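Colleague: I would like a close look at a single part of this model, set in the context of the whole chain.

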Amino acid sequence: VLGALGIILILLLAVYGRETTEGVMQDVQDVVEGTLRDIFLLPIQLIEGIVVFVVPVALAVSLIVKRHWRTLLRAITAGVLGVLLALAGLWAVDLLPLANPLRMGLTLNAQWIIEPALSAFVAALAAALTATGKASSGSTIRWSWYALLLVLVLAVIQGDLNIVGATASLLLGRVVGYLTRWTIGVHSTRATGPTLIAGLRRAGLDPERVVRLNAGPGEARSTLITSTAPVGHNAQFLV
């Protein structure tokens with residue numbers, strides 16, 4: 001819901017605050033003039049190509065190794081939907097007259113050069129990363145987000161996207177990713193049953209009975225769990 005509201009606000013900003021966004025983009029480009037600009041003006045197409053190839057492959061390999069098949073399905077579904085919706089958005093913007101305020105706000109950069117209103121690959125990767133979540137792949141997700149945000153910053157600095165289109169692409173991917181998670185569902189990552197008992201035994205505890213205190217009404221219930229995990233497993237690493 002917040003992502004959808006953000007997209008609406010961005011579209012309103014594109015219509016009624018175009019001069020403000022142009023000023024922000026111009027200020028950003030002024031900051032990176034000279035030596036700093038030379039550092040940031042990397043071959044954006046090459047970086048985009050690397051990110052588009054490396055991020056999905058790294059994400060897929062991480063999920064396959066961990067056998068998170070449902071999460072992989074969510075990521076693929078969200079990525080495809082992100083591309084389709086971004087392409088649909090580009091098609092809709094192209095139908096607007098050139099002088100339409102919304103089209104101008106989404107497509108004109110600081111140099112008044114017409115650029116794509118949305119980035120399909122940004123929407124797709126943001127959707128896939130959002131649909132995957134954080135717990136499924138750990139650091140892979142974090143570094144993938146860093147790479148995606150780097151590409152966005154470089155694209156805005158070089159004028160390949162304006163700041164409104166870049167933000168809209170990112171928010172579109174987030175909305176698609178969360179909708180995919182809500183539709184397909186996610187598995188709980190909390191330790192329960194044998195996994196919980198094995199963790200307690202590795203910590204040096206050997207419980208005979210574990211009782212879950214339910215928050216709901218009724219008496220507490222106990223569950224008998226048989227575990228073969230060694231007691232004090234972590235102790236073998238102590239010097």
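How many helices and strands does the secondary structure of the protein chain come to, and what does helix H8 supply to the largest nonpolar core?

Modeller: This is a predicted model, in which local features need pLDDT of at least 70 and side-chain atom pairs count only at pLDDT 80 or more, while totals for chains, interfaces and linings use all residues. Residues are numbered from 1 along each chain as its sequence is written, and side-chain values use heavy atoms, with hydrogens and water left out. The protein chain has 10 helices and two strands, these being DSSP runs (H or I of at least four residues for helices, E of at least two for strands) numbered from the N terminus. Helix H8 covers residues 139-158, and its 20 residues reach 29 Å from the first C-alpha to the last, close to the 28 Å expected at 1.5 Å a residue, where the expected span is 1.5 Å times one less than the number of residues. Among its buried residues (under 20% relative accessible area, 1.4 Å probe, protein chains only) are Ile141, Ser144, Trp145, Leu148 and Leu152. The largest nonpolar core, a set of buried Ala, Val, Leu, Ile, Met, Phe, Trp, Tyr and Cys residues joined through side-chain atoms within 4.5 Å, has 23 residues, and Trp145 and Leu148 are among those with the most contacts inside it. H4, H5, H7 and H8 each supply at least two residues of this core, and the largest share, eight residues, comes from H8. Leu129, also among the residues with the most contacts in the core, is in contact (heavy atoms within 4.5 Å) with Ile141, Ser144, Trp145 and Leu148, as well as with Val55 and Leu59, leaving aside its neighbours within four places in sequence.

Notes. Buried < 20%, exposed > 50% of the residue type's maximum accessible area, 1.4 Å probe, protein only.
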